[in-house]
Amino acid sequence: MEWISVEDQLPDDRQYVQVYLSYGKQATCIFFEEENRFVDSLRFQHSNGGVTHWMPLLAPPREHHHD
């Protein structure tokens, strides 16, 4: 999976994504299209000025059944 520039495309409304911030950190956020904001689990808002790239979260592991 590759990083997507916020200049090229933004996530879907209320999509959880991994973001890369302009100061070199990463965070898991939800994107709110109406507000044009990424919000992390601590409810800290990252404007598009702070977020440079994003990528969809990986799919959760598939449940493995032991017989």
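Reader: Hi! How much accessible surface does the chain have, and what share belongs to carbon and sulfur atoms?
Author: Hi there! The accessible surface of the chain comes to about 5,400 Å², and carbon and sulfur atoms account for 47% of that. Keep in mind that this is a predicted model.

Reader: Okay, so what share of the residues is buried?
Author: The chain has 67 residues, and 30% of them count as buried.

Reader: Since it's predicted, where is confidence lowest and where is it highest?
Author: Strand β5, residues 45-47, has the lowest confidence, with a mean of 59, while β1 has the highest, at 96. Over the chain, the average pLDDT is 86, and 85% of the residues score at least 70.

Reader: You keep saying strands. How many helices and strands are there?
Author: Zero helices and six strands! Read from the N terminus, the order of elements is β-β-β-β-β-β.

Reader: Ha, easy to remember. Which strand does β1 join up with?
Author: β1 (residues 4-5) is joined to β6 (residues 51-56) by two bridges, and the two strands run antiparallel. To find one of those bridges, look for isoleucine 4, whose partner in β6 is tryptophan 54.

Reader: And how many bridges join β2 to β6?
Author: Five, and β2 (residues 16-21) also runs antiparallel to β6. Here you can look at glutamine 18, which has methionine 55 as its bridge partner in β6.

Reader: New topic! Where is valine 6, and is it buried or exposed?
Author: Valine 6 sits in the loop between β1 and β2. Valine 6 counts as buried because its relative accessible area is 16%, below the 20% cut-off.

Reader: How far is valine 6 from valine 51?
Author: Their C-alpha atoms are 7.3 Å apart, although the two residues are 45 residues apart along the chain. As for contacts between residues at least 6 apart in sequence, 47% of them join residues at least 24 apart.

Reader: One more thing: what is the phi of arginine 14?
Author: It's positive, about 65 degrees, even though arginine 14 is not a glycine. Most residues other than glycine have a negative phi. You'll find arginine 14 in the loop between β1 and β2.

Reader: Why does arginine 14 count as exposed?
Author: Because its relative accessible area is 55%, and exposed means over 50%.

Reader: And what about the phi of asparagine 36?
Author: Asparagine 36 has a positive phi too, of about 55 degrees, and is not a glycine. This residue lies in the loop between β3 (26-32) and β4 (37-40). With a relative accessibility of 34%, asparagine 36 is partly exposed.

Conventions
Residues numbered from 1 in each chain as written. Predicted model: local features only at pLDDT ≥ 70, side-chain atom pairs only at ≥ 80, totals over all residues. Heavy atoms only, no water. Pairing = 2+ DSSP bridges. Helix = DSSP H or I, 4+ residues; strand = E, 2+ residues; numbered from the N terminus. Buried < 20%, exposed > 50% of the residue type's maximum accessible area, 1.4 Å probe, protein only. pLDDT = per-residue confidence, 0-100. Contact = heavy atoms within 4.5 Å. Areas by Shrake-Rupley, 256 points an atom, 1.4 Å probe, with all protein chains shown as cover.
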